[in-house]
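Grab a pencil and work through these exercises with the structure open beside you. Try each task on your own before you read the solution.

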Amino acid sequence: MFTKGLFDTERLRIRTFRRKDFERFLDIALDKEVQKYFKGLGRSVSEISEYFDLIMSQDRQYNEALAITLRTTHQIIGYIGAFSMPPETLNVEYFLAKEFRECRYGTEAFEGLISYIRIFYPHIRYISLMLDKKNIASQELLSNFGPIPVPISIVVAFTVFSFLACPFVYVTSYPSFAT
């Protein structure tokens with residue numbers, strides 16, 4: 001079942017972040033792997049706090065900042081955000097706590113997000129992700145997707161350097177999910 005700002009997958013409950021979630025968000029965001037690949041987040045507690053404030057203040061009509069939690073314990077294990085860009089595009093970003101990275105939770109959250117987008121953002125035709133070229137785990141996550149019966153294509157922009165210095169090396173589309 002999907003409600004705006006809340007949905008479940010087989011093992012996950014994905015819900016809107018709350019202010020009280022900041023400490024767990026911070027714990028995950030300070031992880032070295034998250035810092036390595038999630039360039040816009042910031043490196044210090046104050047920068048991460050500013051980022052959290054930013055995602056919490058976004059207009060909820062076209063932007064989502066969602067906590068990835070375990071359905072059984074409600075423990076926050078990550079973050080997935082979808083932010084509106086040009087008229088038919090949502091930019092998606094995500095990260096997971098270290099101990100939950102190789103359990104297919106990212107794939108499960110992303111699959112759930114696609115279904116969620118289909119319901120609450122029917123005008124969206126593209127999902128944009130900016131990945132570091134060396135982020136093999138995220139590339140593997142995307143390679144798990146075959147045809148999905150929603151009118152969405154995933155466009156991936158790979159980065160080489162910092163988020164601002166050289167944002168796009170090349171753009172590739174994963175298999176079109178348009179029906």
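Before we start, one definition: a residue is buried if its relative accessible area is under 20%, exposed if it is over 50%, and partly exposed in between. Keep in mind that you're looking at a predicted model.

**Exercise 1: Getting an overview**

Task: Find out how many helices and strands the protein chain has, and in what pattern they follow one another.

Solution:
- Step 1. Count the elements: the protein chain has 5 helices and 9 strands.
- Step 2. Now walk along the sequence, and you get β-β-β-α-α-α-β-β-β-α-β-α-β-β.
- Step 3. Look at the burial: of the 179 residues in the protein chain, 47% are buried.
- Step 4. Check the surface too. The accessible area is about 9300 Å², and carbon and sulfur atoms supply 55% of that.
- Step 5. Finally, take the contacts with a separation of 6 or more: 64% of them are between residues 24 or more positions apart.

**Exercise 2: A strand with two partners**

Task: Work out which strands are joined to β5, and how they run.

Solution:
- Step 1. Locate β5 at residues 76-84, where 8 of the 9 residues are buried.
- Step 2. Look at β4 (residues 63-70). It runs antiparallel to β5, with 7 bridges between the two. Thr-69 is a handy marker here, as it stands opposite Ile-76 in β5.
- Step 3. Follow the turn. β4 and β5 make a hairpin with 5 residues between them, and His-74 in that turn has a positive phi of about 65°.
- Step 4. Now try β6 (residues 89-96). Again there are 7 bridges to β5, and the strands run antiparallel. One pair to look for is Tyr-79 with its bridge partner Phe-95 in β6.

So what should you remember about side chains in a strand? In a regular strand they alternate between the two faces of the sheet.

**Exercise 3: Rings and a charge**

Task: Find the residues that form one aromatic cluster with Tyr-79.

Solution:
- Step 1. Start from the total: there are 11 aromatic pairs.
- Step 2. Trace the cluster, which is made of Phe-17, Phe-22, Phe-25, Phe-52, Tyr-79 and Phe-95. You've met two of these already: Tyr-79 and Phe-95 are bridge partners.
- Step 3. Look at another ring, that of Tyr-105. Arg-11 lies over its face, 4.1 Å from the ring centre.

**Exercise 4: Salt bridges**

Task: Take the salt bridges of Asp-8, Asp-53 and Asp-31, and say which partner each one has.

Solution:
- Step 1. Recall the idea: side chains of opposite charge can pair when their charged atoms come close. The whole structure has 6 salt bridges.
- Step 2. Asp-8 pairs with Arg-13, at 2.7 Å from N to O. Asp-8 has 23% relative accessibility, so it is partly exposed, and Arg-13 is partly exposed as well, at 28%.
- Step 3. Asp-53 meets Arg-19, at 2.7 Å from N to O. This pair links distant parts of the chain: Asp-53 sits in helix α3 and Arg-19 in the loop between β3 (12-16) and α1 (22-29), 34 residues apart. Asp-53 is partly exposed at 36%, and so is Arg-19 at 49%.
- Step 4. Asp-31 pairs with Arg-101, with the closest N and O atoms 2.7 Å apart. Asp-31 is in the loop between α1 and α2, while Arg-101 is in the loop between β6 and α4 (105-120), so the pair ties together parts that are 70 residues apart in sequence.
- Step 5. Compare with the cut-offs: Asp-31 counts as buried because its relative accessibility is 18%, whereas Arg-101 is partly exposed at 27%.

**Exercise 5: Gln-35 and Gly-40**

Task: Decide whether Gln-35 and Gly-40 count as buried or partly exposed.

Solution:
- Step 1. Place Gln-35 in helix α2. Its relative accessibility is 9%, so it counts as buried.
- Step 2. See what Gln-35 touches beyond residues up to four places away in sequence: Ala-29, Leu-30, Leu-41, Gly-42, Arg-43 and Ile-48.
- Step 3. Place Gly-40 in the loop between α2 (32-37) and α3 (45-57). At 41% relative accessibility, Gly-40 is partly exposed.
- Step 4. Check a distance from Gly-40: its C-alpha atom is 8.2 Å from that of Tyr-51, which is 11 residues away along the chain.

Note on methods: Residues numbered from 1 in each chain as written. Predicted model: local features only at pLDDT ≥ 70, side-chain atom pairs only at ≥ 80, totals over all residues. Heavy atoms only, no water. Helix = DSSP H or I, 4+ residues; strand = E, 2+ residues; numbered from the N terminus. Buried < 20%, exposed > 50% of the residue type's maximum accessible area, 1.4 Å probe, protein only. Pairing = 2+ DSSP bridges. Contact = heavy atoms within 4.5 Å. Areas by Shrake-Rupley, 256 points an atom, 1.4 Å probe, with all protein chains shown as cover. Phe/Tyr/Trp six-rings, centres within 6.5 Å; stacked < 30°, edge-to-face > 60°. Lys NZ or Arg CZ within 6 Å of the ring centre and 35° of its normal. Salt bridge = Lys/Arg side-chain N within 4 Å of Asp/Glu carboxyl O.
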